[in-house]
Amino acid sequence: MKSLDIHKSEYLKQFENQTYGRNLFRTQEEERLDAPNEECGIFGMYSDNDLDTFSLSQFGLFALQHRGQEACGISVLKNGKITNLKDEGLVLDVYKEIQDPEAFMGNSAIGHTRYTTAGDKKKYNFQPFFAKNEYDQIILSIAHNGNLTNAKELKTQLEAEGVVFRATSDSEVILRLIQKNLDLGLRGAIKATMEKIEGAYSVVGMTRNKFFAFRDFNGIRPLVLGAIDEKSYVVASESVALDAVGAQYVRDILPGEIIYTNENEPGKLHSYMVDEEKGKQRICSFEYIYFARPDSTLENINVYEIREKSGEKIWEQAPVDADLVIGVPDSGVPAAIGFSKASGIPFRPVLIKNRYIGRSFIVPTQEMRERVVNLKLNPIISEIKDKRVVIIDDSIVRGTTSKRLVKILKDAGVKEIHFRSVSPPIIAPCYLGIDTPSKDDLISANMTTEQLRDYLGVDSLEFLSTENLKEILGSSNHCFGCFTEEYPVEKGEELELFN
């Protein structure tokens with residue numbers, strides 16, 4: 001039996017060359033219906049010198065592919081000119097469309113990989129968004145991760161002033177506000193924008209001679225800063241994107257902070273706090289449970305360590321006699337290793353991944369779609385037949401994926417199934433940049449744990465408590481809205497905004 005340290009090393013190393021798949025039991029359609037989905041990942045870089053921005057932006061966005069698989073886009077600054085490309089598809093597929101890589105090599109680039117909410121898969125909503133001058137030249141480009149809660153009100157105000165919107169995304173509100181206020185200077189335009197917008201936002205952007213990034217006053221969505229050298233900087237949703245381009249992690253961009261360059265001081269990065277009093281740390285707790293890649297570090301907290309600790313903690317909270325522990329690949333594996341460490345029950349990676357399967361098959365029937373899951377993951381029956389099994393998963397949302405997993409294990413001859421979720425029950429939707437089902441579709445909002453145990457058909461079921469999650473994170477200074485219905489900002493109007 002391999003040691004748990006070897007399992008950890010092998011688990012983390014695989015993501016250097018292949019994309020991270022959170023829960024491989026979910027079909028592509030179920031990722032929309034039976035999972036919370038991150039809106040996107042953002043990436044930006046700036047140097048006083050020319051860089052291979054074509055390759056480096058590709059590497060950085062590939063490292064963030066798990067944050068969005070529907071579309072990808074980049075803007076590149078070269079010799080004072082901004083060039084933009086965006087299209088539907090995975091990062092590597094979109095970059096293959098670039099016939100002349102040299103045209104995308106400059107001294108600054110921003111990029112975006114998008115998860116698209118249902119009914120909103122229009123190319124004009126792909127990012128980065130850009131604004132043009134009267135000569136049809138791009139003068140401003142941004143990429144945004146998050147969700148504005150007052151976007152409808154602001155859009156109405158801007159339209160009344162004559163601003164024309166091209167897309168149906170709240171991100172364009174940020175773009176148009178900055179564009180409108182550019183006569184205040186770049187920093188002044190961003191400050192004026194931040195004083196108006198509400199909700200969650202991490203943003204990277206560029207003008208024809210400047211680079212910038214900023215983060216909302218609660219720091220809900222992550223944004224990290226790194227450096228390749230003294231005059232080359234990288235900003236990204238997660239630290240793994242810094243690793244991918246050879247940048248050293250410097251720190252997280254602070255809530256309410258603007259970082260920016262100035263054409264009068266090439267290569268120097270400036271920092272400005274918009275309002276010291278308003279800045280608070282309320283990063284989304286679900287980033288650590290589910291969204292972020294396990295080898296990322298957010299707010300100086302390693303994601304893998306949090307997930308492993310969650311497995312240890314749920315063993316303390318809900319111990320059980322069993323023969324082996326299984327983690328649902330990929331996101332459930334660190335918690336399963338932690339559960340095994342704490343309990344002494346052996347961890348077995350018995351759900352075998354097919355590393356060559358594509359994102360999805362085009363299949364016409366539900367029955368065939370179900371079979372796709374068995375192509376992605378297949379159990380080693382000899383390891384689990386007639387055994388008492390603890391299955392560790394990151395969360396239970398609608399319950400359909402969990403129910404299928406239980407059926408697969410039962411069909412394989414498992415004697416007992418003890419289900420452990422290392423997130424608390426999800427009882428409320430998110431309004432701050434995550435696509436979650438409505439409350440009516442969140443199974444824990446409509447069933448007790450006992451009812452859900454019966455629905456899944458398992459011998460026991462436990463969720464990590466919110467208090468234990470806070471203890472693992474070492475702080476209550478996070479957003480726990482999907483577990484408590486208490487949000488760091490008012491939820492505002494629902495974003496059926498731009499129909």
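Buried means under 20% relative accessible area, exposed means over 50%, and partly exposed lies in between (1.4 Å probe, protein chains only). This is a predicted model, where local features need pLDDT of at least 70, side-chain atom pairs count only at pLDDT 80 or more, and totals for chains, interfaces and linings use all residues. Residues are numbered from 1 along each chain as its sequence is written, and side-chain values use heavy atoms, with hydrogens and water left out.

**Exercise 1. Find which residues of helix 1 are buried and which are exposed.**

Solution. Start with the element. Helices (H or I, at least four residues) and strands (E, at least two) are DSSP runs, numbered from the N terminus. Helix 1 covers residues 4-13, and its Leu-4, His-7, Tyr-11 and Leu-12 are buried. These residues sit on the same side of helix 1, because they cover an arc of only 120° around the axis. That arc is taken from the directions from the helix axis to the C-beta atoms. A general rule helps here: an α-helix has 3.6 residues a turn, so residues three or four places apart point the same way. Now turn to the other side of helix 1: Asp-5 and Lys-13 are exposed there. Last, look for the packing partners. The buried residues of helix 1 pack against helix 10 (303-317) and helix 11 (333-343), where contact means heavy atoms within 4.5 Å.

**Exercise 2. State how many disulfides the structure holds.**

Solution. Apply the cut-off: a disulfide is a pair of cysteine sulfur atoms within 2.5 Å. The structure holds zero. Take Cys-479 as a test. The closest cysteine sulfur is in Cys-284, 6.0 Å away, which is too far for a bond. Cys-479 is buried, at 9% relative accessibility. Cys-40 is buried too, at 3%.

**Exercise 3. Locate the cis peptide bonds at Pro-128 and Asp-330.**

Solution. Take Pro-128 to begin. The bond from Gln-127 to Pro-128 is cis, with omega near 5°. Pro-128 lies in the loop between strand 5 (108-114) and strand 6 (129-132). Next, go to Asp-330. A cis bond joins Pro-329 and Asp-330, with omega about -5°. Asp-330 lies in the loop between strand 18 (324-327) and helix 11.

**Exercise 4. Describe the surroundings of Glu-172.**

Solution. Place the residue: Glu-172 is in helix 6 (residues 171-180). Check its exposure: Glu-172 is buried, with a relative accessible area of 1%. Then list its contacts. Leaving aside neighbours within four places in sequence, Glu-172 touches Phe-129, Val-164, Phe-165, Arg-166 and Ala-167. A polar atom of the Glu-172 side chain lies 2.9 Å from the backbone nitrogen of Arg-166.

**Exercise 5. Examine the residues that UniProt labels "binding site".**

Solution. The unreviewed UniProt entry places this feature at Ser-331, Asp-393 and Asp-394. They are spread over 64 residues of sequence but cluster in space, with a largest C-alpha distance of 7.4 Å. UniProt positions follow the numbering used here, feature names are shortened, and annotations may be inferred rather than shown by experiment.

Take Asp-393 now. Asp-393 is in strand 21 and is buried at 2% relative accessibility. Leaving aside neighbours within four places in sequence, its contacts include Asn-23, Ser-402 and Arg-420.

Finish with Asp-394. Asp-394 lies in the loop between strand 21 and helix 14 (400-411) and is buried at 0%. A polar contact of 2.4 Å joins the side chains of Asp-394 and Ser-331. Such a contact is a pair of N or O atoms within 3.5 Å; within protein, one must be able to donate a hydrogen and the other to accept it, and residues adjacent in sequence count only if both atoms are side-chain atoms.
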